[in-house]
Amino acid sequence: MSYDGILLGMGNPLLDISAVVDQEFLEKYDVKLANAILAEDKHLPMYDELVSKYSVEYIAGGATQNSIRVAQWMLQIPGATSYIWCIGKEKFGEEMKKTPNLLVQYYEDETAPTGTCAVCIVGGERSLIANLSAANCYKSEHLKRPENWALVEKAKCFYVAGLFLTVSPESIQLVGEHVVIQNKISAMNLSAPFICEFFRDVYEKALQYVDYVFGNETEARTFSKVHGWETDNTKEIALKISQWPKASGTHRRVTIITQGKDPVVVAEGGKVTLFPVILLPKEKLVDTNGAGDAFVGGFLSQLVKEKPMEDCVKAGCYAANVIIQRSNCTYPAKPDFECS
């Protein structure tokens, strides 16, 4: 089996500006802990204040890129993953081009700077404030170019973070239709509560093409509330999402809901299975930034190898466990992971 270009991600590349801050800083900019939002005008001064007031780290990020990077790290197979994105034509864009071990096809926008994300960490928990900028400028015309569509043709599995729905639903539609026609596999996450709330229509349109849906318990409960399901039970919600109508009957939809230290909920074929996570002593927790993305990346690394569900979840839990013991979405040179 060839793994060349087997996994393709599309999403919003963001340069993470990460710092440990205080609660007062969050309150100043009306930011809730453990949340992810798009920046409004009131948030724009926070990026300069982060840099001037705190000790910051710059890391190539964005949900999809994090997941694809982790999948590549877990696979340790050169050329197995690729990524399509939009960056600005400036110094931050040049930094993003240096992302190692990924085959990247980028669209450079000359009118907007590379997107950034303020990663504000308090007590190990993170809040994300994304200023999409150039990432918001991606156009489906770029995807249709022969050299880029060749990556779509080559891939067997696709991953798109729900946040990309705010940018190019047309691109997601194109890939979704390709997946159905070619009997390939697609995955998407719920991304953030605001996606479930304010982009309901475009998410529902995309969901028909999705075989694997990822989310955490907060996102799942928001999805339930928005759809009037009147339940906070993650097992019931996962089941309902898995039973959402699909454009193709080739693959049954699988819903995977993570719950922090509580078991991972997997709904498939009308049944729910709980998988334990790797518990971590609180003193070893550095920060949770990228934990959900890492879980997805670990899961996908085994999915493309056609491993059973138990191994996919185990890999996701392993990757997330590694990431939360380090600053931001980073990892050692090689994984120490074996399937059961």
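A residue is taken as exposed when its relative accessible area is over 50%, and as buried when that area is under 20%. On this scale E306 is exposed, because its relative accessible area is 64%. The structure discussed here is a predicted model, and E306 makes a convenient place to enter it. This residue is found in the loop between helix 12 (291-303) and helix 13, and has a positive phi of about 60 degrees although it is not a glycine. Most residues other than glycine have a negative phi. A second case is N183, another non-glycine residue, with a positive phi of about 55 degrees. N183 is found in the loop between helix 7 and strand 10 (185-189) and counts as partly exposed, at 44% relative accessibility.

For the wider setting, the UniProt record, an unreviewed entry, places the feature "domain: Carbohydrate kinase PfkB" at residues 25-332. Over residues 25-332 the chain is 39% helix and 22% strand, with the end C-alpha atoms 31 Å apart.

Helix 11 (residues 234-242) offers a clear view of how one helix is placed in the fold. Its residues T234, I237, A238, I241 and S242 are buried. Seen down the axis of helix 11, these buried residues fall within an arc of 135 degrees, so they line one face of the helix. The partners of that buried set are strand 11 (212-216), helix 10 (217-226), strand 12 (254-259) and strand 13 (262-268), against which the residues pack. At the start of helix 11, a side-chain oxygen of N233 comes to within 2.9 Å of the backbone nitrogen of K235. A little further along, the charged end of K240 sits over the ring of W229, at 5.6 Å from the ring centre.

Aromatic rings provide another thread to follow, with a count of 19 aromatic pairs. In one of them, the rings of W73 and Y318 have their centres 6.2 Å apart and their planes at 10 degrees, so the pair is stacked. W73 belongs to helix 3 (residues 63-75) and Y318 to helix 13 (residues 309-323), so this pair ties together parts that are 245 residues apart in sequence. W73 counts as buried, at 3% relative accessibility, and Y318 also counts as buried, at 14%. The pair formed by F223 and W244 is edge-to-face, with 6.0 Å from centre to centre and 70 degrees between the planes. Here F223 lies in helix 10 and W244 in the loop between helix 11 and strand 12, so the parts tied together are 21 residues apart in sequence. F223 is buried, with a relative accessible area of 2%. Ring pairs also link Y159, Y212, F214, F295 and F299 into a cluster.

Finally, attention turns to H178, which lies in helix 7 (residues 169-182). H178 is buried, because its relative accessible area is 7%. Leaving aside neighbours within four places in sequence, H178 is in contact with W149, V152, E153, F158 and K184. For V152 there is a polar detail to add: the backbone oxygen of this residue lies 3.5 Å from a polar atom of the H178 side chain. As for P245, 67 residues away from H178 along the chain, the C-alpha atoms of the two residues are separated by 18 Å.

Methods:
Residues numbered from 1 in each chain as written. Predicted model: local features only at pLDDT ≥ 70, side-chain atom pairs only at ≥ 80, totals over all residues. Heavy atoms only, no water. Buried < 20%, exposed > 50% of the residue type's maximum accessible area, 1.4 Å probe, protein only. Helix = DSSP H or I, 4+ residues; strand = E, 2+ residues; numbered from the N terminus. Arc of directions from axis to C-beta. Contact = heavy atoms within 4.5 Å. Polar contact = N/O pair within 3.5 Å; in protein donor to acceptor, adjacent residues only side chain to side chain. Phe/Tyr/Trp six-rings, centres within 6.5 Å; stacked < 30°, edge-to-face > 60°. Lys NZ or Arg CZ within 6 Å of the ring centre and 35° of its normal. UniProt positions renumbered as here; feature names shortened; annotations may be inferred.
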